[in-house]
Amino acid sequence: MTLKIGIAGAGFSGAVIANELAKAGHQITVYEPRQHIAGNCYSSRDSESNIMQHHFGPHIFHTDKAHIWHYVTQLSQFMPFINRVKAMTQGQVYSLPINLHTINQFFNAQMSPSEAKKFIASQAESSIQQPQNFEEQAHKLIGEQLYQAFFKHYTIKQWGRSPATLPACILKRLPVRFNYDDNYFNHPFQGMPIEGYTPIIEKLLEHPNISLKLNTSFSAAMKAPYDHIFFSGPIDAYFDFQLGRLPYRTLDFQKETHEGDYQGNAVINYCDNSQAFTRISEHKHFTPWETHSSTVIFKEYSREAMPEDTPYYPVRLSGDNSLLNQYIELAKKQEKITFVGRLGTYRYLDMDVTIDEALTTSKLFLESLKNQQTMPVFTTL
């Protein structure tokens with residue numbers, strides 16, 4: 001039996017689900033409100049310099065899931081890339097994540113790994129057993145001085161809120177290392193698609209059973225003709241914000257073109273409050289196998305998202321998600337719809353997790369058809 005499936009969003013979530021269900025013989029219509037596919041992973045070459053640009057901020061693919069690495073490398077050739085982030089704070093340049101070099105440089109020391117581990121333990125607040133927020137997590141993990149230098153002001157700029165109101169899990173994503181490893185990620189599989197992310201999404205959507213409608217937003221009123229909907233847009237938007245708007249942070253990018261090499265690195269964070277922007281990304285360094293005489297940089301400014309803005313980061317506050325919970329309960333009363341992805345489930349998701357969840361959702365949907373079961377509204381919450 002062939003079903004008519006509507007999918008809201010042509011980012012990774014929507015494209016992966018569309019491809020999997022199209023291969024299973026179903027008719028898919030993908031609605032994308034923007035004029036381009038690939039969502040916030042959208043990339044294209046700069047018309048003047050020919051540098052590959054990440055239009056909505058740097059996207060470095062990294063995963064510890066071998067099956068996801070196999071999946072994406074079947075769609076595009078990936079080149080090796082290690083993200084080595086630098087940090088400006090208190091007039092100095094350091095390496096992130098915090099590692100033995102960072103610790104020795106910051107404290108003007110020559111500690112060994114074991115000495116540094118004991119020293120940081122002495123700096124940390126051992127009285128905090130179960131950190132309840134970002135600030136407590138930082139104090140427990142690295143102590144006050146490193147927190148002030150690298151995380152407090154950056155977090156305030158990024159989130160527009162006191163770190164004491166943000167969940168501890170944000171900081172738990174960042175490691176502290178007692179060796180000289182400055183690889184930003186721990187994952188064994190890391191790389192960059194040689195021609196950017198947009199061709200990957202194009203390949204996923206190039207199927208005779210898939211039709212794509214750009215510049216078209218999907219609304220609840222359009223649900224009727226479809227046997228099932230997969231919605232990767234903002235969950236509150238689906239309900240026309242009837243309970244109020246969920247908070248998001250958005251980003252403004254200031255693009256500059258220069259000759260030569262601007263900063264000598266792909267990403268440099270500005271961790272104190274001497275600059276209003278959070279970081280500068282220099283995009284030719286994301287493709288070190290290419291040669292460019294000029295360079296393109298983006299200064300990144302974070303602010304609260306307004307109704308007309310692109311939502312980037314869901315703001316999940318520590319201990320206060322009542323509005324989100326109300327929308328989740330409202331969604332659970334819906335039929336023939338599944339909310340997916342970063343916006344549909346109101347979570348920050350890395351690309352590999354997004355793809356993995358989309359593949360799992362597709363599999364569950366096909367199994368539910370086979371077993372004549374009801375597809376859940378959420379497959380990941």
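This report describes the overall dimensions, helix contacts and selected residues of one protein chain.

The structure is a predicted model, in which local features need pLDDT of at least 70, side-chain atom pairs count only at pLDDT 80 or more, and totals for chains, interfaces and linings use all residues. Residues are numbered from 1 along each chain as its sequence is written, and side-chain values use heavy atoms, with hydrogens and water left out.

**Overall architecture**

The protein chain contains twelve helices and 17 strands; helices (H or I, at least four residues) and strands (E, at least two) are DSSP runs numbered from the N terminus. Along the principal axes, the C-alpha atoms fill a box of roughly 70 × 50 × 40 Å. The radius of gyration of the protein chain is 22 Å, which agrees with the value near 21 Å for a compact globule of 381 residues. That radius is taken over C-alpha atoms, and the globule rule is 2.2 Å times the number of residues to the power 0.38. Of the 381 residues, 55% are buried, where buried means under 20% relative accessible area, exposed over 50% and partly exposed in between (1.4 Å probe, protein chains only). Among contacts (heavy atoms within 4.5 Å) between residues at least 6 apart in sequence, 72% join residues at least 24 apart.

**Helix contacts of α2**

Helix α2 (residues 66-75) packs against α12 (residues 351-370), their axes coming within 10 Å, and against α8 (residues 198-205), with axes within 9 Å. Axes are lines fitted to C-alpha atoms, for helices over the stretch in contact, and angles run from 0 to 180 degrees between N-to-C directions. The axes of α2 and α12 cross at roughly 90°, which makes the two helices roughly perpendicular; angles of 65 to 115 degrees count as such, under 35 as roughly parallel, over 145 as roughly antiparallel and the rest as oblique. Their contact involves His67, Ile68, Tyr71 and Val72 of α2 with Asp352, Ile355, Asp356 and Leu359 of α12. By class it holds five nonpolar, one polar and two charged residues. Here Ala, Val, Leu, Ile, Met, Phe, Trp, Tyr, Cys and Pro count as nonpolar, Asp, Glu, Lys and Arg as charged, and the others, Gly among them, as polar.

The axes of α2 and α8 also cross at roughly 90°, and these helices are therefore roughly perpendicular to each other. Tyr71, Gln74 and Leu75 of α2 meet Ile200, Lys203 and Leu204 of α8. This contact divides into four nonpolar residues, one polar and one charged.

**Helix α10**

In helix α10 (residues 322-332), the buried residues are Leu324, Tyr327, Ile328, Leu330 and Ala331. Seen down the helix axis, they fall within an arc of 160° and so line one face of α10; the arc is that of the directions from the axis to the C-beta atoms. Their cover includes α9 (235-238) and β17 (337-339).

**Individual residues**

Glu300 lies in strand β15 (residues 294-304) and counts as buried at 1% relative accessibility. Leaving aside residues up to four places away in sequence, its contacts include Asp252, Arg279 and Tyr313.

Two non-glycine residues with positive phi are tabulated below.

| Residue | Phi | Location | Relative accessibility |
|---|---|---|---|
| Gln90 | about 50° | loop between β7 (85-89) and β8 | 52%, exposed |
| Tyr346 | about 55° | loop between α11 (341-344) and α12 | 1%, buried |

The peptide bond from Leu96 to Pro97 is cis, with omega near 0°. Pro97 belongs to the loop between β8 (92-96) and α3 (100-106).
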